[in-house]
Amino acid sequence: MMGIIAGFAACFLLGMVAALLADRLLGGSIKRRSGGRTQNKQAGPAEKKPGLLDRIGTMNIVLVLVGAAVLLFTLKMIELYELTGGIPDTLVQCFYSMMGFECGILGWIKTAKEKHRERKRRREDADSAPPQDGGPVG
């Protein structure tokens with residue numbers, strides 16, 4: 001059982017390192033913190049092409065990794081069941097709880113982003129609307 005957990009931890013770390021290296025090698029945007037805001041470094045007169053992670057989207061990559069982890073875990077548990085006639089129920093419950101939590105957090109992030117974009121659009125629409133006559137005189 002510890003081998004399975006160690007294997008998933010190693011795959012997670014390897015995947016994170018591979019994603020970061022792919023982003024750097026394929027010309028991804030480098031982000032830095034400045035004044036509490038996250039800003040992209042200026043690329044100068046020639047704009048860099050968006051990196052692989054920018055084109056695909058980090059959230060989509062995480063969803064693919066979650067799907068792959070669920071598939072691999074399920075296959076391993078089937079294999080273990082065929083060998084022993086049982087599976088570690090607590091491990092299965094914890095794994096699927098963790099995956100459900102991860103997908104829930106991704107959904108929460110997506111909802112928050114959409115709400116922020118909608119508020120920004122409304123603010124831009126209100127700012128670009130022509131002033132209306134008939135306001136308070138004073």
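**Helix H3 and the salt bridges of helices H3 and H4**

The buried residues of H3 are Val66, Ala69, Phe73 and Met77. The structure is a predicted model, and every value below was computed from it. Helix H3 covers residues 58-84. The length of H3 fits its residue count: at 1.5 Å a residue, 27 residues should span 39 Å, and the end C-alpha atoms lie 38 Å apart, which agrees. After H3 comes Gly85. The phi angle of Gly85 is positive, near 85°.

Salt bridges were examined next. A search of the whole structure finds 4 of them. Side chains of opposite charge can pair when their charged atoms come close.

One salt bridge belongs to H3. The side chains of Lys76 and Glu79 meet there, with an N to O distance of 3.8 Å. That value falls within the 4 Å cut-off for a salt bridge. Lys76 and Glu79 are 3 residues apart in H3, about one turn of the helix. An α-helix has 3.6 residues a turn, so residues three or four places apart point the same way. Both partners are partly exposed. Lys76 has a relative accessibility of 44%, and Glu79 has 39%. Each is therefore partly exposed because its value lies between the 20% and 50% limits.

Helix H4, residues 89-128, also carries salt bridges. In one of them, the side chains of Arg117 and Glu114 meet at 2.9 Å, N to O. Arg117 and Glu114 are 3 residues apart in H4, so about one helical turn separates them. Arg117 is partly exposed, with a relative accessible area of 40%. Glu114 is likewise partly exposed, at 35%.

A further salt bridge in H4 links Glu118 with Arg122. The closest N and O atoms of Glu118 and Arg122 are 3.5 Å apart. These two residues are 4 residues apart in the helix, again about one turn. Glu118 is partly exposed, with a relative accessible area of 33%. Arg122 is exposed, because its relative accessible area of 57% is over the 50% limit. Glu118 and Arg122 are also part of a network: salt bridges that share partners join them with Arg121.

Note on methods:
Residues numbered from 1 in each chain as written. Predicted model: local features only at pLDDT ≥ 70, side-chain atom pairs only at ≥ 80, totals over all residues. Heavy atoms only, no water. Buried < 20%, exposed > 50% of the residue type's maximum accessible area, 1.4 Å probe, protein only. Expected span 1.5 Å × (residues − 1).
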